[in-house]
Amino acid sequence: FGCGFDRLVAMGPQEIQVGMLKRLRGTPIVRHDEEYAMRYCAEPPYEILSNRDFSEEAVMRMRRFAKYWDLVANSGRFRDTLPRLWEKADGPFEGFMAFSDWLGERLGRLHSIPLAEFAEQLFRYLDGVQGLDEVESTLLGDWFRDGARRERLPFMRERALVGALS
């Protein structure tokens with residue numbers, strides 16, 4: 001999956017939809033349930049929980065990856081910041097998965113993440129964990145690009161105040 005994902009990213013598509021396998025009623029996927037030890041969520045849309053090759057933990061990692069990919073890449077909000085996530089990795093998949101794992105541990109949730117909080121976590125990962133240069137200017141460029149957001153990110157104001165007092 002990772003190699004295919006990296007090739008797809010290299011093609012530069014506008015969006016990459018990463019989603020979990022679902023069992024739709026009346027589809028023939030059920031014929032494979034026993035052979036592959038398929039386990040699905042009991043509620044629609046019946047997403048896969050695990051199978052013989054992927055534990056619940058591995059499926060949850062991919063679910064996090066998919067959700068955070070939507071927030072960073074598919075939203076278009078962090079166009080220039082996105083490739084910074086794999087600057088120190090062997091490729092986009094590895095770099096984004098590392099960010100996704102880190103963020104999942106910090107936030108412990110996939111939904112109800114305010115955009116400013118998400119931007120702060122993205123900054124803290126790139127600046128603090130990865131130690132990349134010029135993260136602030138890249139992130140702010142993305143933040144103000146569409147002109148819809150005029151407010152400065154709260155954590156950036158705090159950094160500016162600390163810097164001014166030093």
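**Exercise 1. How many salt bridges does a search of the whole structure find?**

Solution. The structure is a predicted model. Side chains of opposite charge can pair when their charged atoms come close. For this count, a side-chain nitrogen of Lys or Arg must lie within 4 Å of a carboxyl oxygen of Asp or Glu. The search of the whole structure finds 12 salt bridges. Some of them are taken up in the exercises below.

**Exercise 2. Determine which parts of the chain are tied together by the salt bridges of Asp 101 with Arg 61 and Arg 64.**

Solution.

Step 1. Consider Arg 61. Asp 101 forms a salt bridge with Arg 61, and the closest N and O atoms are 2.6 Å apart. Asp 101 belongs to helix 3 (residues 92-107) and Arg 61 to helix 2 (residues 56-74), so this pair ties together parts 40 residues apart in sequence.

Step 2. Consider Arg 64. Asp 101 also forms a salt bridge with Arg 64, where the closest N and O atoms are 3.4 Å apart. Arg 64 lies in helix 2 and Asp 101 in helix 3, so the parts tied together here are 37 residues apart in sequence.

Step 3. Assign the exposure of each partner, taking under 20% relative accessible area as buried. Asp 101 has a value of 17% and is buried. Arg 64, at 18%, is buried, whereas Arg 61, at 31%, is partly exposed.

**Exercise 3. Identify the partner of Glu 117 in a salt bridge, and state whether each residue of the pair is buried or partly exposed.**

Solution. The partner is Arg 109, with the closest N and O atoms 2.9 Å apart. Glu 117 has a relative accessible area of 24% and is partly exposed. Arg 109 is partly exposed as well, with a relative accessible area of 29%.

**Exercise 4. Name the residues linked with Arg 79 in a network of salt bridges.**

Solution. The network links Arg 79 with Asp 80, Asp 142 and Arg 145.

**Exercise 5. Describe how helix 4 and helix 5 are arranged, and classify the residues of their contact.**

Solution.

Step 1. The axes of helix 4 (residues 115-129) and helix 5 (residues 135-144) come within 10 Å and cross at roughly 155°.

Step 2. Angles over 145 degrees count as roughly antiparallel. Helix 4 and helix 5 are therefore roughly antiparallel to each other.

Step 3. The crossing of helix 4 past helix 5 is right-handed.

Step 4. Helix 4 contributes Leu 115, Ala 116, Ala 119, Leu 122, Phe 123, Leu 126 and Asp 127 to the contact, and helix 5 contributes Val 135, Glu 136, Leu 139 and Trp 143. By class, the contact has 9 nonpolar, no polar and 2 charged residues.

**Exercise 6. Carry out the corresponding analysis for helix 3 and helix 4.**

Solution.

Step 1. Helix 3 and helix 4 pack at an angle of about 120°, and their axes are 11 Å apart. The two helices are therefore oblique to each other. Helix 3 passes helix 4 in a right-handed crossing.

Step 2. On the helix 3 side, the contact includes Gly 95, Phe 99 and Trp 102. On the helix 4 side, Glu 117, Phe 118 and Tyr 125 are among the residues met.

Step 3. The contact of helix 3 with helix 4 has 9 nonpolar, 2 polar and 3 charged residues.

**Exercise 7. State how far apart Gly 2 and Phe 93 are in sequence and in space.**

Solution. Gly 2 lies in helix 1 (residues 2-10) and is buried, with a relative accessible area of 17%. Gly 2 and Phe 93 are 91 residues apart in sequence, and their C-alpha atoms are 5.3 Å apart in space.

How values were computed: Residues are numbered from 1 along each chain as its sequence is written. This is a predicted model: local features need pLDDT of at least 70, side-chain atom pairs count only at pLDDT 80 or more; totals for chains, interfaces and linings use all residues. Side-chain values use heavy atoms; hydrogens and water are left out. Helices (H or I, at least four residues) and strands (E, at least two) are DSSP runs, numbered from the N terminus. Buried means under 20% relative accessible area, exposed over 50%, partly exposed in between (1.4 Å probe, protein chains only). Axes are lines fitted to C-alpha atoms, for helices over the stretch in contact, and angles run from 0 to 180 degrees between N-to-C directions. Angles under 35 degrees count as roughly parallel, over 145 as roughly antiparallel, 65 to 115 as roughly perpendicular and the rest as oblique. A crossing is left-handed if the near helix is turned anticlockwise from the far one by less than a right angle, and right-handed if clockwise. Contact means heavy atoms within 4.5 Å. Ala, Val, Leu, Ile, Met, Phe, Trp, Tyr, Cys and Pro count as nonpolar, Asp, Glu, Lys and Arg as charged, and the others, Gly among them, as polar.
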